[in-house]
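User: Could you take me through one part of this model in some detail? I would like to look closely at a strand at the sheet's end and what surrounds that region.

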Amino acid sequence: MAVRIAICNRKGGTGKSTVSVNLAAGLAEHGFRVLIIDLDSQSHCAAGLGIKPSAPFIHDIFGGNPEALNESIVLSDYPGLWLSPANPTFDHHSAGENQLQLEEALHQSNIDERFDVVLMDTPPSQDQLLMNALMAADWVVVPFVPHFLSYQGIKQLVRLMHSVKLSNNPRLQLAGFLPTMASKTMKHHKAVMEEVSRHFGRDRILPAIRTDIRLADAFSKGQPVIGFAPKSRAAEDFSVLSQCIGERLSEREHA
């Protein structure tokens, strides 16, 4: 059974798509069959994998066509990694009120049997697309830039997750908070990460992704950084993160 992981933060600019693409590539390198579902109409995941998005799109399921998920899936150039691309022209306000459309499409397409991991890149707003992702997810990874405003966004998202878990999706769990664009030498970054650790627990902090221009270079070339610049510090960081998540996936499978 696939583990569904939503990559979420209600604040923009935290690197959700970068995390989705590079974590997915790292997990695929560890032998997992990984599907990225790109719910954000910015369509950055397609760009990061060098895929030109074309219909059908994942967003077609919100027009009453659950089979669109299955029809939209394309294999990337990276072994073991598939993408269900976003529609760049999709109006998020047209998603309707049904928060279970993604869950229903995943079930009808037998996605849980075909893949080991489903990563869902979500928009940076509390709309029906984010709610659909949370209703369908098993785990949530929260990328955040270690500064004060991101910390406020984290607390808001955790409250939302708690509400979803209590009301409609009891299997929803927090996989952890992922510091991105992190610097060990910046006192403010260190202070914010310490505050997150104090408030939520040190074991909730995932291995950080440091600032590295090679991430932007790799994205512009349509490649995960571990393929584009395998000796860069970003590739090293995503390798550590992928190993961490991969170990948790293996533990869950054998539990």
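Which residue is the bridge partner of F144 in β7?

Analyst: Happy to help, and please keep in mind that this is a predicted model. The bridge partner of F144 in β7 is P179. That pair belongs to the link between β6, residues 139-144, and β7, two strands that run parallel and are joined by six bridges.

Now for the sheet around them. Seven strands form an open sheet with mixed pairing, in the order β3-β4-β2-β5-β1-β6-β7. Because β7 (173-179) and β3 (74-75) stand at the edges with a single partner strand each, one side of each has no neighbour in the sheet.

A helix also lies across this part of the sheet. Helix α11, residues 233-253, lies across β6 and β7 as well as β1 (3-7) and β5 (117-121), and runs at about 165° to β6.

Two further helices are worth a look: α7 (residues 148-167) and α8 (residues 187-200). Their axes come within 10 Å and cross at roughly 20°. An angle under 35 degrees counts as roughly parallel, so α7 is roughly parallel to α8. The crossing of the two is right-handed. On the α7 side, the contact is made by F148, Y151, I154, K155 and V158, and α8 brings H188, V192, E195, V196, H199 and F200. By character, the residues of this contact of α7 with α8 divide into seven nonpolar, two polar and two charged.

Conventions: Residues are numbered from 1 along each chain as its sequence is written. This is a predicted model: local features need pLDDT of at least 70, side-chain atom pairs count only at pLDDT 80 or more; totals for chains, interfaces and linings use all residues. Side-chain values use heavy atoms; hydrogens and water are left out. Two strands pair if DSSP finds at least two bridges between them. Helices (H or I, at least four residues) and strands (E, at least two) are DSSP runs, numbered from the N terminus. Contact means heavy atoms within 4.5 Å. Axes are lines fitted to C-alpha atoms, for helices over the stretch in contact, and angles run from 0 to 180 degrees between N-to-C directions. Angles under 35 degrees count as roughly parallel, over 145 as roughly antiparallel, 65 to 115 as roughly perpendicular and the rest as oblique. A crossing is left-handed if the near helix is turned anticlockwise from the far one by less than a right angle, and right-handed if clockwise. Ala, Val, Leu, Ile, Met, Phe, Trp, Tyr, Cys and Pro count as nonpolar, Asp, Glu, Lys and Arg as charged, and the others, Gly among them, as polar.
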